[in-house]
Amino acid sequence: MTTNEKPGGRIDCVLVASGKYHDIDFARLELLKLLAEDERIRVRVFEDYSNLDAIRNADFLVTYTCDVIPSLDEQEALRAWVAGGGRWIALHGTASILRFLDNGLVDSPALAPHFMETLGSQFIAHPPIAPHRVEVRDPTHPLVEGIEPFEVTDELYLSDIHADLHVLLDTEFEGDATGFARTKWRHARHPVLYLRPIGDGSVLYLTLGHCRGHYDMQPLLDFWPEKQRCAWELPVFYDLLRRGIAWGTASA
């Protein structure tokens with residue numbers, strides 16, 4: 001159903017916001033505020049992908065998760081929905097699987113290859129949070145047109161790539177991802193914002209947006225001493241999110 005077939009031009013969005021080690025409450029609220037800027041958008045909010053009817057009926061999907069893996073049936077349904085023309089705005093840890101090893105390192109096992117192939121990448125590691133420069137790779141694309149290179153203090157995602165990506169923003173890194181099982185990384189460029197086309201639809205993935213509050217590392221730690229907001233403190237990040245939402249509504 002197109003927007004014009006819905007009363008008043010209504011646009012239906014599903015937001016999946018949940019997971020570990022992040023201030024999901026903060027991210028969920030910020031995303032809902034951005035979605036509310038367009039009065040046509042009506043949002044249903046879930047903690048996982050199990051409500052497939054809601055997703056199938058949505059004009060676009062937004063996800064901010066960490067270590068939330070859909071079942072195989074849900075993975076196949078998500079892939080079919082995108083291929084049928086759906087638009088999926090995947091944020092930050094959507095492509096993460098985290099397992100703590102006996103030696104204390106964090107592993108990112110390949111337990112959901114179909115899911116990661118749909119998303120186009122799987123998070124593997126990040127170096128300690130520090131300032132890094134984000135470059136524009138396709139300055140003519142509407143999603144990044146007019147955006148200048150910028151510096152951000154956030155998690156720099158080091159990922160395995162599982163599809164042919166249209167990279168819009170990227171960054172470079174060489175060094176150690178301290179605390180992760182795959183520690184050593186050679187010099188390379190890593191996507192920060194990309195499009196992953198599938199059939200008649202597409203995934204738009206933005207890796208920035210880490211956030212953590214005092215109580216988000218439980219049960220590993222009772223209290224995290226420093227609130228982290230990272231890219232959420234930058235106007236350019238909100239610009240990218242608003243552009244992403246406009247891209248998502250264009251499918252309606």
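A salt bridge is taken here as a side-chain nitrogen of Lys or Arg within 4 Å of a carboxyl oxygen of Asp or Glu. Side chains of opposite charge can pair when their charged atoms come close. In this predicted model, a search of the whole structure gives 18 salt bridges.

One of these joins helices. Arg79 is paired with Glu117, and the closest N and O atoms are 2.5 Å apart. Arg79 belongs to helix α3 (residues 72-83) and Glu117 to helix α4 (residues 113-119), so the salt bridge ties together parts that are 38 residues apart in sequence. Both ends of the pair are partly exposed: Arg79 has a relative accessibility of 23%, and Glu117 has a relative accessible area of 26%.

Asp12 forms a salt bridge with Arg10, with a distance of 2.6 Å between the closest N and O atoms. The relative accessible area of Asp12 is 17%, and this residue counts as buried because the value is under 20%. Its partner Arg10 is partly exposed, at 39% relative accessibility.

A further salt bridge links Arg133 and Glu135, where the closest N and O atoms are 2.6 Å apart. Arg133 is partly exposed at 47% relative accessibility. Glu135 is also partly exposed, with a relative accessible area of 23%.

Beyond these pairs, a network of salt bridges connects Arg137, Asp170, Glu172 and Arg189.

Key. Residues numbered from 1 in each chain as written. Predicted model: local features only at pLDDT ≥ 70, side-chain atom pairs only at ≥ 80, totals over all residues. Heavy atoms only, no water. Buried < 20%, exposed > 50% of the residue type's maximum accessible area, 1.4 Å probe, protein only. Helix = DSSP H or I, 4+ residues; strand = E, 2+ residues; numbered from the N terminus.
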